Amino acid sequence: MKDVERLIYRSAMDAHEDWALVRPPAACGVDWVVMLHGHGSSGDQLYTRPDLRERWLPAFETRGLGILTPHLRGNAWMAPAAVADLHALLERVRMEYGARQFLFVSGSMGGTGNLIYSTLYPEDVDGLVAFCPVTDLADYLLW
């Protein structure tokens, strides 16, 4: 994973240690994509799943986007701790890398996480794509 940095962080909510992958833009870019992983995956899925690596990674790179792929405790359903961790991660990327805008692009559980996070922190989300998200969590739980 060329030019990818692993950020280790400790949650302010409960001191849980976790990680995220960051790929700064080649030039001094202010636009970033945030990709939350799907169920059964982890924060490295953009780089390890061939379909995502071959289709989406080049699309992000050619547009000069910075890339943030958080692990979020292995669960991007956006429980309160994951929400707090993601909010803190975005602030860290703003401070350390000069990010100004975040486009959330995720599918499945990550797409659901996109929707949940964007309702809680709309000021952090400048655009959103949610592929095949669960939109009725209560019904999904029963399934």
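Where is S108 found? Look in the loop between β5 and α4. Keep in mind from the start that this is a predicted model. S108 has a backbone oddity: its phi is positive, about 60°, although S108 is not a glycine. As for cover, S108 is partly exposed, with a relative accessible area of 36%. We'll come back to this stretch, but let's step back and take in the whole chain.

The chain's secondary structure comes to five helices and six strands. If you walk along the sequence, you meet them in the pattern β-β-β-α-α-β-α-β-α-β-α. The radius of gyration is 14 Å, close to the 15 Å that the globule rule gives for 143 residues, so the chain is as compact as a globular protein of that length. Its C-alpha trace spans about 45 × 35 × 25 Å along the principal axes.

How much of this chain is tucked away? Of the 143 residues, 45% count as buried. On the outside, the chain exposes about 7,500 Å², and carbon and sulfur atoms supply 56% of that area. Then there is the charge: the chain has 12 positive and 18 negative side chains, and the centres of the two sets lie 6 Å apart. The contacts tell you something about the fold as well. Among contacts with a separation of 6 or more, 62% are between residues 24 or more positions apart.

For a good look at the inside, go to F104, which sits in strand β5 (residues 101-107). Buried or exposed, which is F104? Its relative accessibility is 0%, so F104 counts as buried. Leaving aside neighbours within four places in sequence, F104 is in contact with V34, L86, L90, N114, Y117, D124, V125, G127, L128 and V129. H16 is another story: F104 and H16 are 88 residues apart in sequence and 24 Å apart in space, C-alpha to C-alpha.

Two of the names on F104's list, V125 and L128, turn up again when you visit S118. That serine has its place in helix α4 (residues 109-120). Setting aside neighbours within four places in sequence, S118 touches V125 and L128. At 18% relative accessibility, S118 counts as buried, since the cut-off for that label is under 20%.

Now for the aromatic rings. The structure holds five aromatic pairs. One of them joins W56 and F131: their ring centres are 5.5 Å apart and their planes meet at 55°, so the pair is tilted. W56 lies in helix α2 (residues 50-62) and F131 in strand β6 (residues 127-131), so this pair ties together parts that are 75 residues apart in sequence. Neither ring's residue is fully hidden: W56 counts as partly exposed at 31% relative accessibility, and F131 counts as partly exposed at 38%. F60 belongs here too, as W56, F60 and F131 form one aromatic cluster.

Continue past strand β6 and you come to C132, in the loop between β6 and α5 (137-142). Here is another positive phi in a residue other than glycine, with a value near 50°. C132 counts as exposed, at 68% relative accessibility.

Let's finish with two spots from earlier in the chain. D44 has its place in the loop between β3 (31-34) and α1 (45-48). Which residues does D44 contact, leaving aside its neighbours within four places in sequence? They are W19 and L21. D44 is partly exposed, with a relative accessible area of 23%. The C-alpha atoms of D44 and T69 are separated by 6.7 Å, while the two residues are 25 apart along the chain.

The other spot is K2, in the segment before β1 (5-10). K2 counts as exposed, at 66% relative accessibility. To place K2 in the fold, find Y47: the two are 45 residues apart in sequence and 9.8 Å apart in space, C-alpha to C-alpha.

Technical notes: Residues numbered from 1 in each chain as written. Predicted model: local features only at pLDDT ≥ 70, side-chain atom pairs only at ≥ 80, totals over all residues. Heavy atoms only, no water. Helix = DSSP H or I, 4+ residues; strand = E, 2+ residues; numbered from the N terminus. Rg over C-alpha atoms; globule rule 2.2 N^0.38 Å. Buried < 20%, exposed > 50% of the residue type's maximum accessible area, 1.4 Å probe, protein only. Contact = heavy atoms within 4.5 Å. Areas by Shrake-Rupley, 256 points an atom, 1.4 Å probe, with all protein chains shown as cover. Lys, Arg positive; Asp, Glu negative; His and termini not counted. Charge placed at Lys NZ, Arg CZ, Asp CG, Glu CD. Phe/Tyr/Trp six-rings, centres within 6.5 Å; stacked < 30°, edge-to-face > 60°.
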